Amino acid sequence: MEGEIIESARTEGTDTPLLPGPPLWPDELYLLPLSEKPFFPAQTLPLLMNSEAWLETVKAIGETPQHLVGLVLVKPENSDDAGREDFYSLGTVVRMHHPVSNEGKIQFIAEGIRRFRIVEWLSDRPPYKVRVDYPNEPGRPDSEEIRAYAVAVINTIKDLLPLNPLYSEELKFFLNRFSPNEPSLLTDFAATLTTAGKQELEDVLETLALKRRMEKVLVLLKKELDVARLQSQIRSRMEEKMSQQQREFFLKEQLKIIQKELGLAKDDKTAELDAFKARLQKLTLPAAAQKRVDEEMEKFSVLEMGSPEYAVSRNYLDWLTQLPWGIHSKDKLDLKRARRILDRDHDGLADVKDRIIEFLAVGAMKGEVSGSILLLLGPPGVGKTSIGRSIADALGRKFYRFSLGGMRDEAEIKGHRRTYIGAMPGKFLQAIKEAGTANPVVMLDEIDKIGQSYQGDPASALLEVLDPEQNSDFLDHYLDVRFDLSKVLFICTANQSSIPAPLLDRMEVIQLSGYITEEKLAIAKHHLWPRVMERAGLKKGQVSLNEAAIRHVIEGYAREAGVRNLEKQLGRVARKAVVKILAGEPTPIKVGVKEIEAYLDKPIFTREKPQAGVGVVTGLAWTALGGATLDVEASRVHTLNRGFRLTGQLGDVMKESAEIAYSYVAAHLKDYRADEKFFDTSFVHLHIPEGATPKDGPSAGVTMATALLSLAKGQPVARPLAMTGELSLTGQVLPVGGIREKVIAARRAGIHELILPQANKRDFDKLPDYIRAGLTVHFAHHYKDVAHRVFHS
C-alpha cells in the first residue's frame with residue numbers, strides 16, 4: 001500500500017541506544033543484499049530496497065526483538081537477482097529504523113553496529129536466514145603503532161576536507177556518534193569516504209586485523225586525495241582563465257580543459273561527422289544515394305546527442321558510409337589458373353569443373369564476370385560449399401557465405417524498416433559490407449530448406465535479389481536507397497530441387513552427383529587424411545595409412561554419396577593413433593585393413609551379392625543423399641482368391657506405378673509365356689524392404705513389373721542385374737531422372753549390367769568414361785526389351 005509504514009518492523013522510539021547494556025547478539029540473522037558497496041559498522045544511512053523482492057524479509061525482521069539485520073555485499077549488479085551463492089561471507093549487523101513502503105520501494109535507516117560472519121545457511125530463498133558468529137578484531141587499539149596509524153588516517157582526512165565540502169558534513173556526523181580515539185570505527189569511517197570499488201571495500205570489511213585494515217584504508221585514502229587534488233587543479237585553471245567577459249562561456253571553457261586533460265580534441269558528434277565525410281571521400285555514390293546522405297548528415301548535425309533520433313540517424317549514416325559504393329575487385333580471368341585452383345581443391349567432378357571453366361571463359365571473353373546465379377545441386381558432403389570458395393579464389397573475389405536453412409522472415413532478406421527498434425539491413429547488404437567490395441561471391445547455402453511463416457515468404461523476397469534484370473536496383477527496407485547487386489556472383493547450394501519454380505528459373509543448375517570409390521580414394525589421400533592429421537596434431541610420418549586401408553574404410557564404413565562420413569571415420573582412426581603414440585608406442589603407427597577393423601569395429605557395409613530368386617529384382621533409385629539400389633520382392637501368399645497387397649511405406653506415385661505394373665503383367669502373361677490364369681487365383685504381395693524408410697517416385701515401374709513376371713513364370717533373374725524406368729499401361733518404358741546417381745549406386749553395389757530407358761541414353765552417354773567403364777548397359781524402348789534381356793525370352 002502506498003505510504004504504508006511497516007509497523008511490525010518499526011523501532012519503538014527514535015533514540016534507541018547503539019549498545020543498550022550488555023549486548024546479547026542473536027545467533028541467527030535475516031540478510032538483505034547490497035550491490036554497490038558494503039556497509040560498515042561506522043555508518044548510519046538510509047537504504048532503499050525493492051518491495052516486491054524484500055518486503056517479506058523486512059516484515060520478518062520486524063518480528064525480531066532487536067530489529068537487527070545483516071547487510072551483505074553481493075556479486076551481481078542487481079541485488080534482486082542475487083542467489084545464496086552470490087553473497088560474500090562477511091557483512092555488518094545493523095539496526096533497522098523506521099521502515100516505510102511507498103511506490104514499490106522500502107526505505108529504512110540502517111545503523112551499523114559490528115561485523116558478523118555467515119556460518120550456516122538456514123534458507124535457500126528469500127527471506128534469507130543464516131546462522132552467524134561475531135569475529136573478534138585482533139590487535140591492541142591502545143598500542144603506539146595503532147595510534148600512529150590513526151594519526152595518519154586523521155591527517156589524510158584533514159587534507160581531504162578543503163578539497164571537497166561533503167567530507168566535512170560526514171566527519172561532523174561521525175564525531176557526533178563516535179570518538180576519534182576509537183581506531184577501528186575511525187578506520188571504517190575513513191573507508192566510507194573513498195570512491196573505491198566494491199571489491200576493494202569488501203576486502204577492507206573482511207580484514208579483521210586492525211593494523212592491516214588501517215594500511216589498506218590509508219592506500220585508498222591516498223588515491224582519493226590524488227583524484228581530489230587533480231579535480232581541484234582543473235577547477236583552479238578554469239578560475240584563472242575566467243574574466244568578466246568570459247563568464248558566459250564558462251561551461252564551454254571548462255569542457256575544453258577537461259577534453260585537453262583527456263586527450264580529446266572534438267566532441268563525439270563532430271568526430272563522427274568527420275569520420276563519415278572521410279569515408280565518403282573514398283566512395284563513388286550514385287546521385288540519389290549522395291542526396292540522401294547529404295540530407296541525413298545535415299539532419300544529424302543539428303540533433304542533440306541525448307535525442308532518441310540521434311542513435312537512429314548515426315547508425316543509418318554508419319551503414320550508408322560503410323557500404324562499398326563503386327568499389328569493385330578486379331577479376332582474374334586466367335582459365336589455366338582457374339583450372340589449377342579447381343584441381344588443387346577437388347579431385348573428380350570433371351564435368352562440374354568443365355561447366356565452371358565454361359562459365360569463366362564467357363566472362364574472360366566479355367572482360368568481366370557479370371552477376372550470375374549458379375545453383376550447385378547435389379547430396380550432402382560432395383563439396384558444394386568448397387567449390388563456391390574455389391570459384392571465388394579463382395576469380396580473386398571476396399567470399400561471403402550464409403545459410404538460408406530455416407529462414408522464415410522476409411526482413412532477413414530485405415532488411416527491417418528504420419521505424420523498428422534494433423532495425424538493420426538484410427543479409428545481402430551485410431554480406432556486401434563484410435566483403436568490402438560491390439562484386440563479391442556470395443554463397444546462399446541450403447536454399448532448398450528456406451522456410452515460410454506469417455512474417456512473409458523469404459523465397460519470394462529472393463526473386464528480386466536473384467534476378468539479373470532487377471537486382472541492379474535492389475532496394476533494402478532499412479537503407480531505402482537502391483544498391484547495385486548486378487555485379488555480385490551468387491552461388492546457391494541445395495540437396496534437392498524442391499525450390500519454387502520462379503526462383504529455380506533464374507538459376508543456372510550445376511549437378512553434383514556422388515563419388516565412386518576411386519574418386520573417394522583420391523579425395524581421402526589428397527585432402528581428407530592430411531586435414532585429419534593436422535586437426536589431430538599429428539606430424540607427417542607419425543601415422544602411415546596405406547591405400548588398402550582407405551579403400552576398406554570407403555567400402556565398409558562410408559558408402560554414402562559424399563565424403564563427410566568418410567572424413568569422420570578417418571578422424572576416428574587418427575584419434576586411435578594419437579592414443580597409441582601418447583601411450584609410448586614407436587612411430588610410425590602403421591594402419592592397415594586389420595587395424596581399421598580393430599579401430600572402427602566390424603564394417604557397417606559388407607559386399608553382399610544382390611538378392612536373387614523367384615520374384616526378386618534389383619532396382620535403382622535416386623535419393624537426396626545420392627543413388628541407391630532397391631530390392632523389389634513379390635510373393636504369392638495363397639491361391640484362395642485374387643488379390644494384391646503393397647508394403648514398404650510407399651508414396652502415392654510409387655503405389656500407382658505398382659498398380660500399373662500389376663495390371664500390365666496380368667494382361668500380357670500369354671505374351672511372356674507365363675500361365676494366363678496365374679493372377680486369377682493368386683493373392684500377391686509386393687514388398688520393398690526397409691519399410692521404415694519412406695519411398696516415392698516414378699522410376700520403379702519396370703522393376704516391379706519384372707518382379708511380378710518372375711513370380712508368374714516361376715523363373716528367377718538369371719544374373720546380377722539392376723534396372724530403372726517407368727512403365728506405362730501399354731508397356732512403354734518411360735525416361736527417369738538421376739541416371740548418374742543410379743549408375744554410381746550400381747557400381748558401388750558391384751552390379752555391372754544395367755537396363756535403362758532408351759530415352760535416357762543421352763544422359764548415360766554424357767557420363768565420364770571412368771564411370772561408364774566396365775558396365776554393360778541395355779536400353780529398352782518397350783517392356784518386351786526388358787523381358788527379353790532378363791529372361792532371354
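This briefing walks through a helix pair, the loop that follows it, and a handful of residues with notable backbone geometry. The model is predicted. A good place to begin is helix α20, which covers residues 564-582 and packs against helix α19, residues 547-557. After that come two cis peptide bonds, two positive phi values outside glycine, and the surroundings of S79.

**How α19 and α20 pack**

- Two packed helices are described by the angle between their axes and the distance between the axes.
- For α19 and α20, the angle is about 125° and the axes are 10 Å apart.
- An angle between 115 and 145 degrees falls outside the parallel, antiparallel and perpendicular ranges, so α19 and α20 count as oblique to each other.
- The crossing of the two helices is right-handed.
- On the α19 side, the contact is made by V553, I554 and Y557; on the α20 side, N565, L566 and Q569 meet them.
- By type, the residues of this contact are four nonpolar and two polar, with no charged ones.

**A closer look at α20**

- The helix has 19 residues, which at 1.5 Å a residue should span 27 Å. Its end C-alpha atoms are indeed 27 Å apart, so the expected and modelled spans agree.
- Buried residues in α20 are L566, E567, Q569, L570, G571, V573, A574, A577 and I581.
- L566 and Q569 therefore appear in two roles: they are buried, and they also take part in the contact with α19.
- The cover over the buried residues of α20 includes the helices α18 (517-535), α19 and α21 (593-600). Strands β15 (543-545) and β16 (589-591) are also among the covering elements.

**From the end of α20 towards β16**

- Just after α20 comes G584, with a positive phi of about 100°.
- P586 sits in the loop between α20 and β16. With a relative accessible area of 66%, P586 is over the 50% cut-off and so counts as exposed.
- In sequence, P586 and Q542 are 44 residues apart, while their C-alpha atoms are 8.9 Å apart in space.
- P588 also belongs to the loop between α20 and β16, and the peptide bond leading from T587 to P588 is cis, with omega near 0°.

**Other backbone features to look for**

- Most residues other than glycine have a negative phi, and most peptide bonds are trans.
- A cis peptide bond joins P126 to P127, with omega near -5°. P127 is in the loop between β6 (105-121) and β7 (129-133).
- H67 is not a glycine, yet its phi is positive, near 55°. You will find H67 in the loop between α1 (51-62) and β4, where its relative accessible area of 12% makes it buried.
- Q649, also not a glycine, has a positive phi of about 55°. This residue lies in the loop between β19 (643-647) and α22 (652-667). At a relative accessible area of 43%, Q649 is partly exposed.

**S79 and its neighbours**

- S79 is part of the loop between β4 (68-73) and β5 (90-102).
- Its relative accessibility is 13%, under the 20% cut-off, so S79 counts as buried.
- Leaving aside residues up to four places away in sequence, S79 touches P33, S35, W54 and V74.

Note on methods: Residues numbered from 1 in each chain as written. Predicted model: local features only at pLDDT ≥ 70, side-chain atom pairs only at ≥ 80, totals over all residues. Heavy atoms only, no water. Helix = DSSP H or I, 4+ residues; strand = E, 2+ residues; numbered from the N terminus. Buried < 20%, exposed > 50% of the residue type's maximum accessible area, 1.4 Å probe, protein only. Contact = heavy atoms within 4.5 Å. Axes fitted to C-alpha atoms, helices over the stretch in contact; angles between N-to-C directions. Parallel < 35°, antiparallel > 145°, perpendicular 65-115°, else oblique. Left-handed = near helix turned anticlockwise from the far one by under 90°. Nonpolar A, V, L, I, M, F, W, Y, C, P; charged D, E, K, R; others polar. Expected span 1.5 Å × (residues − 1).
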